[in-house]
Amino acid sequence: MENTSNIMPEIVKDGYGYQICPYLIILEAWRRGLKVTLLDGKLNRFIVESNSKTVPFFRSRVDTMSKESIKIVN
């Protein structure tokens with residue numbers, strides 16, 4: 001299959017498999033002009049910031065997500 005997109009596979013090589021959710025959150029935040037701070041090299045912990053709000057993430061979950069809602073999603 002020929003790659004017909006403008007995005008080369010090597011650019012998004014880390015966005016496949018289990019890491020796709022945090023990768024897409026980070027990519028979309030960056031695309032929207034939000035500040036993204038990576039806290040580790042595996043995309044497990046990162047912070048997305050706007051002028052008025054700071055949201056810390058663990059993988060694709062926000063820190064304010066309850067244990068019960070995590071169970072439901074899993």
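Okay, quick definition before we start: when I say helix or strand, I mean a DSSP run, with at least four residues for a helix and at least two for a strand, numbered from the N terminus. With that in hand, what does this protein chain have? Two helices and four strands. And please keep in mind that what you see above is a predicted model.

Let's walk along the chain. Starting at the N terminus, the elements go α-β-β-β-β-α. So the four strands follow one another, with a helix before them and a helix after them.

Now, how do those strands sit together? They make an open sheet, in the order β1-β2-β3-β4, and the pairing is antiparallel. The edges are taken by β1 and by β4, which is residues 61-62. Each of those two has a single partner strand, so one side of each has no neighbour in the sheet. If you're wondering what holds a sheet together in general, strands pair through backbone hydrogen bonds, and they can do that parallel or antiparallel.

Have a look at the β3 and β4 end. Those two strands run antiparallel and are joined by two bridges. Find F57 there, and you'll see it stands opposite V62 in β4.

Stay with F57, please, since we need this residue again. How many aromatic pairs does the count give? One. The partners are F46 and F57, and their rings are stacked, with 4.8 Å centre to centre and 5° between the planes. Why call that stacked? Because planes under 30 degrees apart count as stacked, and here the angle is 5°. The pair also links distant parts of the chain: F46 belongs to strand β2, residues 45-49, while F57 belongs to strand β3, residues 54-58, and they are 11 residues apart.

Are these two rings' residues buried or exposed? F46 has 0% relative accessibility, so this residue counts as buried. F57 has a relative accessible area of 12%, and that is buried too. For the chain as a whole, 18% of the 74 residues count as buried.

Okay, over to the outside. The protein chain exposes about 6,300 Å², and 57% of that comes from carbon and sulfur atoms. There's a nonpolar patch on the surface as well, formed by L24, L27 and W30, with about 340 Å² of accessible area together. W30 sits in helix α1, residues 20-31. With a relative accessible area of 60%, W30 is exposed.

Next up, charges. The general idea is that side chains of opposite charge can pair when their charged atoms come close. How many salt bridges does this structure hold? Three.

Let's begin with E28. Its side chain meets the one of R31 in a salt bridge, at 2.6 Å from N to O. R31 and E28 are three residues apart in helix α1, which means about one helical turn separates them. E28 also meets R32 in a salt bridge, this time at 2.7 Å, N to O. How open are these residues? R31 is exposed at 56% relative accessibility, R32 is exposed at 60%, and E28 is partly exposed at 29%.

The other salt bridge takes us back to the sheet: K35 pairs with E49, and their closest N and O atoms are 3.9 Å apart. K35 is in strand β1, residues 35-38, and E49 is in strand β2, so this pair ties together parts that lie 14 residues apart in sequence. As for networks, salt bridges with shared partners join E28, R31 and R32 into one.

Let me spend a moment on E49. At 23% relative accessibility, E49 counts as partly exposed. Which residues does E49 touch, leaving out those up to four places away in sequence? L34, K35, T37 and T54. And V36 is 13 residues from E49 along the chain, yet the C-alpha atoms of the two are separated by 6.4 Å.

One last number, for the whole chain. Take the contacts between residues at least 6 apart in sequence: 14% of them join residues at least 24 apart.

So, to recap what to look for on screen: the open sheet of four strands, the stacked pair of F46 and F57, the nonpolar patch with W30, and the network of E28, R31 and R32. That's me done, thanks!

Notes:
Residues numbered from 1 in each chain as written. Predicted model: local features only at pLDDT ≥ 70, side-chain atom pairs only at ≥ 80, totals over all residues. Heavy atoms only, no water. Phe/Tyr/Trp six-rings, centres within 6.5 Å; stacked < 30°, edge-to-face > 60°. Buried < 20%, exposed > 50% of the residue type's maximum accessible area, 1.4 Å probe, protein only. Patch = residues over 30% accessible without salt bridge, like charges linked within 9 Å, V, L, I, M, F, W, Y side chains within 5 Å. Areas by Shrake-Rupley, 256 points an atom, 1.4 Å probe, with all protein chains shown as cover. Salt bridge = Lys/Arg side-chain N within 4 Å of Asp/Glu carboxyl O. Contact = heavy atoms within 4.5 Å. Pairing = 2+ DSSP bridges.
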